[in-house]
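Okay, thanks for coming, everyone. I'll put the structure up and then walk through a few parts of it.

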Amino acid sequence: MRAIFLGIALCLATTPARAVAEIGPTDPAELEAFLAGLLPSLMETHHVPGAVFVMVKNGEIFFAKGYGYADLETQRPVDPETTIFRVASVSKLFTATAAMQLVEQGKLDLNVDVNRYLEEFQIEATYGEPVTLHHLLVHTAGFDDRFLRSSRTIGSELPPLGQYLAERMPPRVMPPGRFISYSNHGLALVGHLVEVASGTPFPAYVREHVLDPLGMTRSRVFLSVPLSPDLASSYQYRSGQQVEMGYDHTLLGPAAELNTTGMDMARFMIAHLQMGRLGDQRILGEETARMMQTRHFTHHPKLDGRCYGFVESYLKGVRTIGHGGDWRGFRTSLVLVPAADLGIFISVNGNFRGPFYRTFANTLADRYFPGPEPTLLEAPDDFAGRASLYAGTYLPNRRIRGTILKLGEFLGAIRVTANDDDTLTVSFLAGEDPIRLAEVEPDLFREQEGEIDAAFLRDERGRVRHLALEEHAFDRIPLYRSPLVHAILAGITLLLFVGTLGGWTIGAGARMVAGGSASPVSLPARTVASAVCLLDAVALIGIALVLRQTDLFELLYESIPTSLKQQLLLPLVSLPLTLALPYSAWRGFPASGQATLARLHYGVLTGAAFLFLAMAHYWNLLGFHY
């Protein structure tokens, strides 16, 4: 949930504003010695094969070095000059830069309906307000999320960006300009607007107007086959060994397709720190560059917000901007401290688990950016009586609503609970460390002995409806929509289905052996009910097992695994049989007053079967939602 960029920024922004000019190390050799005692040990602990670290300061490259291996098989070391990393969502900074160039030239307008520029398709006209370039750049356009069929294997023929967006642009699910909901499709649309306004394909435009002027000669938007020998291989540590992840193409190129080196990124950082200029080359006018770095949206005046492309962090008087990236084993962070003319780029080729970046950032900050230690906050005297107003389950505003990947809510949901010490605990179902919050003013909270700010947002009737953690937004949901409640109900229905099948089988066998009386439920009714129990039980278990065993990245390509398609057939087959359950019960039981327990069991079973269908529909498992 918390971006990689944030892990660095939380710690770099720890010095009071009056000391901003003194931020950072002053001796490259001393920094190198310090990192030598820090990065390799962290990489070993978190199974990271290789890393590149670059720091720029005062318009120059202050320090750059590679650590570990770009490729484990060949033992090729990471070189900041030549080793190419995929920086994923850091690509969005280049897309925003390209768009702002065209804004500067008057070819794009930040505040007009983007449909004015679109020819191949139109953004649906909902909510009575248009989507603008401004909304897209600060991620407030209000689009649903979508991942299925958004990637291709490396070397595949790719459709034009406009064609893909015309076919796969997600629907609008929120009014624009109200909440940040991070959108890869939204930034891909920005890239398409660059194409339309410039008359040039996006990769060619970025090459000609951003990369070449900055001398970023080793950087590419989209890879070509054969792949460059300088590419870093990416890895995920599984079952005690490093598994190579490989490369692919995302069809959302402007959002995530930049491949670059540490030294090339140093030039990009310097250009933005110097307000669009690198040496005698200028990619943006100074006013436009400042506009990119200005906060344009926040959920609360005292929370971090969004600039045009950049994510803002404002902590203890020091402001940082940047972006993070995470894809197929590559994890990247770019952080700028404009007031100190300092920037940091770090990228790794291992899909680590645990607080790699946070530990690195904390240690770096303790060394070079000392600030006041966090203090234990005291809650207002009346907080205990209001704590229940905030407690509940919340879902990320950025989530998938329209496909089978809605199941991701089981990982993204958070739970807010009130504590006896007048604090709140935010627990993450995905397993991240919980956060303990204390109120600092009405509806505004800060992490106890930490740096994370949060605000609870109310609707027009004064009811708490949203939670903003830094720049991330969460929607409060009623109990009946809680993933945890659905998991419990699914478990209960599964036990009922399996228990019914087992009980009826054992009962039938016992009657055959002992020659007892016939079942009070007629054979047709038992047959229909048994079929429903079997189909629903197999569907519940099968879908869970298939998704657990399926590599998420398989779902991003054109083909959905056959095993998953087969499992999704079962709820459809179960549907007409479930609808027949009440009729078969009416026809299959003896006269009223007899077989009371059997009637009760059959009634509960029928209710469970309808509940299963309702949950299957809710989670987009009833039909082929992919």
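## A walk through the model

So, let's start with a pair of strands: β19 and β20, residues 414–418, run antiparallel and are joined by three bridges. If you want one contact to look for, find G392, which stands opposite V416 in β20. And before I go any further, keep in mind that this is a predicted model.

Now look at the other partner of β19. Four bridges join β19 to β26, residues 472–477, and that pairing is antiparallel too. Over there, L395 has D475 of β26 as its bridge partner.

Where does that lead? Eight strands close into a barrel, in the order β19-β20-β21-β22-β23-β24-β25-β26, with antiparallel pairing. From one strand to the next, the twist averages 30°. Further round, β23 (residues 444–447) and β24 (residues 453–458) run antiparallel with three bridges between them, and there R446 stands opposite D453 in β24.

Is β19 enclosed or open? It covers residues 392–396, and five of the five are buried, so the strand is largely enclosed by the rest of the structure. A reminder while we're on strands: in a regular one, side chains alternate between the two faces of the sheet.

Okay, on to a helix. α10 runs over residues 262–273, and here's a quick check on its geometry: at 1.5 Å a residue, its twelve residues should span 16 Å, and the end C-alpha atoms are 16 Å apart, which agrees. This helix is mostly covered, with eleven of its twelve residues buried. Among the buried ones are M263, F268, I270 and L273.

What about R267? R267 also sits in α10, but it counts as partly exposed because its relative accessible area is 34%, and the buried cut-off is under 20%. R267 also has a partner in space from far back in the sequence: its C-alpha atom and that of E60 are separated by 8.7 Å, although the two are 207 residues apart along the chain. Right after α10 comes M275, with a positive phi near 55°.

That brings me to backbone oddities, and the loop between β6 and β7 is a good place to look. F222 is found in that loop, and its phi is near 80°, a positive value in a residue other than glycine. F222 is partly exposed, at 22% relative accessibility. P226 lies in the loop between β6 (220–221) and β7 (235–238) as well, and a cis peptide bond joins V225 to P226, with omega at about 5°.

One more positive phi, in another part of the chain: N620, at about 60°, and again not a glycine. You'll find N620 in the segment after α17, which is 596–618. N620 is buried, with a relative accessible area of 9%.

Next, charges. How many salt bridges does a search of the whole structure find? The total is 24. Take R218 and D230, whose side chains meet at 3.5 Å, N to O. R218 is in the loop between α8 (202–214) and β6, while D230 is in the loop between β6 and β7, so the pair ties together parts that are twelve residues apart in sequence. Both ends are partly exposed: R218 at 32% relative accessibility, and D230 at 24%.

Now set that beside R306 and E471, a salt bridge with its closest N and O atoms 3.9 Å apart. This pair links distant parts of the chain: R306 is in strand β14 (residues 305–306) and E471 is in the loop between β25 (464–469) and β26, 165 residues away. R306 counts as buried at 4% relative accessibility, and E471 counts as buried at 3%.

Two more for the list. R319 and E312 meet in a salt bridge at 2.8 Å, N to O, and E312 is buried, with a relative accessible area of 1%. Then there's a network: R86, D248, E257 and R328 are joined through salt bridges that share partners.

Last stop, the surface. L569, L572, V573 and F624 make a nonpolar patch of about 320 Å². L569 belongs to helix α16, residues 562–588, and is partly exposed, with a relative accessible area of 41%.

That's my tour; happy to rotate the view if anybody wants another look.

Conventions:
Residues are numbered from 1 along each chain as its sequence is written. This is a predicted model: local features need pLDDT of at least 70, side-chain atom pairs count only at pLDDT 80 or more; totals for chains, interfaces and linings use all residues. Side-chain values use heavy atoms; hydrogens and water are left out. Patches are made of residues with over 30% relative accessible area and no salt bridge: like charges are joined within 9 Å, nonpolar side chains (Val, Leu, Ile, Met, Phe, Trp, Tyr) within 5 Å. Accessible areas come from the Shrake-Rupley method with a 1.4 Å probe; for residues, only the protein chains shown count as cover. A salt bridge is a side-chain nitrogen of Lys or Arg within 4 Å of a carboxyl oxygen of Asp or Glu. Helices (H or I, at least four residues) and strands (E, at least two) are DSSP runs, numbered from the N terminus. Buried means under 20% relative accessible area, exposed over 50%, partly exposed in between (1.4 Å probe, protein chains only). Two strands pair if DSSP finds at least two bridges between them. The expected span of a helix is 1.5 Å times one less than its number of residues. Axes are lines fitted to C-alpha atoms, for helices over the stretch in contact, and angles run from 0 to 180 degrees between N-to-C directions.
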